[in-house]
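Please open the model in a viewer and set it to a cartoon representation with side chains available on demand. The stops below are meant to be followed in order.

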Amino acid sequence: MSSSLSVYLLDPTAARALVGSGDDQLLEVIRDRFADDLASSDDWFSSEIEKGAPTAYEALRAVVHGGPYDAEKQYSFQYGYAYKRLCSLTGSFLDNSSFSPFRGDWLEVVDEGLRALRITAVSVAELGYYDGLPKGLPTYDLPRCGEWTHEECVEALEQFEATKRDGHAPPLEPAVVDAVMDVIGWLRHAQARPGFGVVGFVS
């Protein structure tokens with residue numbers, strides 16, 4: 001079974017602040033802009049919705065209003081996907097061609113490549129951890145979420161530049177090199193936007 005890592009450039013603090021904001025205008029924008037996506041999601045999860053899962057829009061409304069999160073645990077995945085939609089609306093999608101799809105421990109393999117280049121300030125695998133969603137937001141299994149702050153992105157890029165200055169070039173598999181360069185691209189985007197970082201979702 002394969003997975004996908006979706007990555008967004010945004011202000012992580014501002015993204016978390018959308019949870020519980022009560023912004024009904026934002027909800028209307030999402031309803032308009034994501035109408036097809038919401039309908040497609042409801043069709044995909046139709047059997048779960050019949051059993052008690054919230055619809056995609058119901059989950060969005062709950063997240064924006066900070067609850068109630070009254071779905072049974074196994075159906076709370078909808079709240080995680082609702083937060084992902086908020087990030088996709090307010091952030092910029094970053095190239096994930098080396099991470100969609102991926103199998104097995106690929107994220108950890110890329111982290112090994114980053115560490116070989118002495119980049120330790122960020123971890124791709126951490127974007128797929130279970131505890132990266134805003135505090136109090138329930139979810140179940142997928143999506144998993146993680147974030148890198150602006151400061152972490154800047155530090156990681158400085159580590160990469162130091163590696164280049166030192167002429168440190170460890171042998172890496174071509175696919176790992178491609179993935180690492182994708183990550184460097186994300187870091188450069190974040191560096192250019194004060195306060196912006198990276199939020200990633202594995203699903």
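How many bridges join β1 to β4, and do they run parallel or antiparallel? Six bridges join the two strands, and their directions are antiparallel. Before going further, note that this is a predicted model, in which local features need pLDDT of at least 70 and side-chain atom pairs count only at pLDDT 80 or more, while totals for chains, interfaces and linings use all residues. Residues are numbered from 1 along each chain as its sequence is written, and side-chain values use heavy atoms, with hydrogens and water left out.

**The whole chain**

Display the entire chain in cartoon form. Its secondary structure comes to nine helices and four strands; these are DSSP runs numbered from the N terminus, with helices being H or I of at least four residues and strands E of at least two. Along the sequence the pattern reads β-α-α-α-α-α-α-β-α-β-α-α-β. The C-alpha trace spans about 55 × 35 × 25 Å along its principal axes. The radius of gyration is 18 Å, which agrees with the value near 17 Å for a compact globule of 203 residues; the radius is taken over C-alpha atoms, and the globule rule is 2.2 Å times the number of residues to the power 0.38.

Colour by burial next. Of the 203 residues, 48% are buried, where buried means under 20% relative accessible area, exposed over 50% and partly exposed in between (1.4 Å probe, protein chains only).

**The sheet**

Select the four strands. They form an open sheet in the order β2-β1-β4-β3, with antiparallel pairing; two strands pair if DSSP finds at least two bridges between them. β2 (92-94) and β3 (144-148) are the edge strands, each pairing on one side only. Neighbouring strands are turned by 30° against each other on average, direction ignored; the axes are lines fitted to C-alpha atoms, for helices over the stretch in contact, and angles run from 0 to 180 degrees between N-to-C directions.

Now centre on β1. All six of its six residues are buried, so the strand is largely enclosed by the rest of the structure. L5, V7 and L9 point one way from β1, whereas S6, Y8 and L10 point the other way. In β4, the bridge partner of S6 is F201. On the pairing with β2, three bridges hold an antiparallel arrangement, and V7 has L94 as its bridge partner there.

Move to the other edge of the sheet. β3 pairs with β4 (residues 197-202) through five bridges, again in the antiparallel sense. W148 stands opposite V198 in β4. Helix α8 (residues 150-165) packs on the sheet and touches β3 and β4, with its direction at about 70° to that of β3; contact means heavy atoms within 4.5 Å. Helix α9 (residues 174-191) also packs on the sheet, touching β1 (5-10), β2, β3 and β4, and its direction makes about 20° with that of β1.

While α8 is in view, select T163, which is found in this helix. At 3% relative accessibility, T163 counts as buried. Leaving aside residues up to four places away in sequence, T163 touches L117, R118 and H168.

**The nonpolar cores**

Show Y83, L86, C87 and F201 as sticks. These residues have the most contacts inside the largest nonpolar core, which has 34 residues; such a core is a set of buried Ala, Val, Leu, Ile, Met, Phe, Trp, Tyr and Cys residues joined through side-chain atoms within 4.5 Å. The elements giving two or more residues to this core are β1, α2, α5, α6 and β4. Among them, α6 gives the most, with eight residues. Zoom in on C87: residues up to four places away in sequence not counted, C87 touches Y8, L10, A15, V199 and F201. A second, separate core of 33 residues includes F99, F102, V122 and L127.

**Helix α5**

For the last stop, select residues 56-64. Seven of the nine residues of α5 are buried, so this helix is largely enclosed by the rest of the structure. The buried ones are A56, Y57, A59, L60, A62, V63 and V64. They pack against α2 (24-33), α3 (35-44) and α6 (77-90). Step just past the helix to G66, whose phi is positive, near 70°.
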